[in-house]
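Please look over the sequence and the structure shown here. The text that follows goes through the pockets of the model.

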Amino acid sequence: MHHITPFRFKIEDIEVSFPYPAVYPEQLDYMTHIKRLLDKQGHGILEMPTGTGKTVCLLSMCLSYILQKQPNFKLVYCTRTIVEMEKTLEELKFVLE
């Protein structure tokens with residue numbers, strides 16, 4: 001995997017570092033909802049179809065939020081299967097590059 005300069009943009013008061021050169025409107029909307037849930041310290045159910053970038057959006061927004069607002073915050077990510085966890089860890093490596 002080659003290194004891509006992250007695309008940076010703001011969602012309200014958070015500068016988001018996104019590992020792709022562009023963000024789709026539905027991804028931006030998804031991350032905005034995640035940000036507002038984090039602000040409220042609440043719970044939510046968000047849904048997007050398979051292949052739309054849910055994992056990268058969730059990781060990008062949560063990590064950006066934690067770094068800027070809650071540096072001592074811990075993120076717990078659960079999956080149903082080992083395969084899903086492996087895919088998420090690969091995505092996390094890409095987000096953190």
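**Two pockets and their linings**

The residues that line the largest pocket fall into 18 nonpolar, 13 polar and six charged. The model is predicted, and the volumes given below are computed from it. For the largest pocket the volume is about 1000 Å³. Its lining is made up of 37 residues, and those closest to the centre of the pocket are Y30, K54, T55, L58 and Y77. Three elements give two or more residues to this lining: α1, covering 25–40, α2, covering 54–69, and α3, covering 82–96. Among the contributors, α2 gives the most, with seven residues.

The second largest pocket comes next. What is its volume? The value is about 160 Å³. The residues around the second largest pocket are P6, R8, E15, S17, S60, L63, S64, L67, Q68, V95, L96 and E97. By class, five of these lining residues are nonpolar, four are polar and three are charged.

Which elements each supply at least two residues of the lining of the second largest pocket? They are β2, a strand at 14–18, together with α2 and α3. The largest share comes from α2, which provides five residues.

The helices α2 and α3 can thus be followed from one pocket to the other: both are listed for the largest pocket, and both are listed for the second largest. In the largest pocket α2 is the element that gives the most to the lining, and in the second largest pocket α2 again has the largest share.

Notes: Residues are numbered from 1 along each chain as its sequence is written. This is a predicted model: local features need pLDDT of at least 70, side-chain atom pairs count only at pLDDT 80 or more; totals for chains, interfaces and linings use all residues. Side-chain values use heavy atoms; hydrogens and water are left out. On a 1 Å grid over the protein atoms alone, a cavity is a set of points where a 1.4 Å probe fits but cannot get out, and a pocket is an open set with protein on both sides within 12 Å along at least five of seven lines; lining residues have an atom within 4 Å of a point. Grid points are joined across faces, edges and corners, and a volume is the space filled by probe spheres set on the points. Helices (H or I, at least four residues) and strands (E, at least two) are DSSP runs, numbered from the N terminus. Ala, Val, Leu, Ile, Met, Phe, Trp, Tyr, Cys and Pro count as nonpolar, Asp, Glu, Lys and Arg as charged, and the others, Gly among them, as polar.
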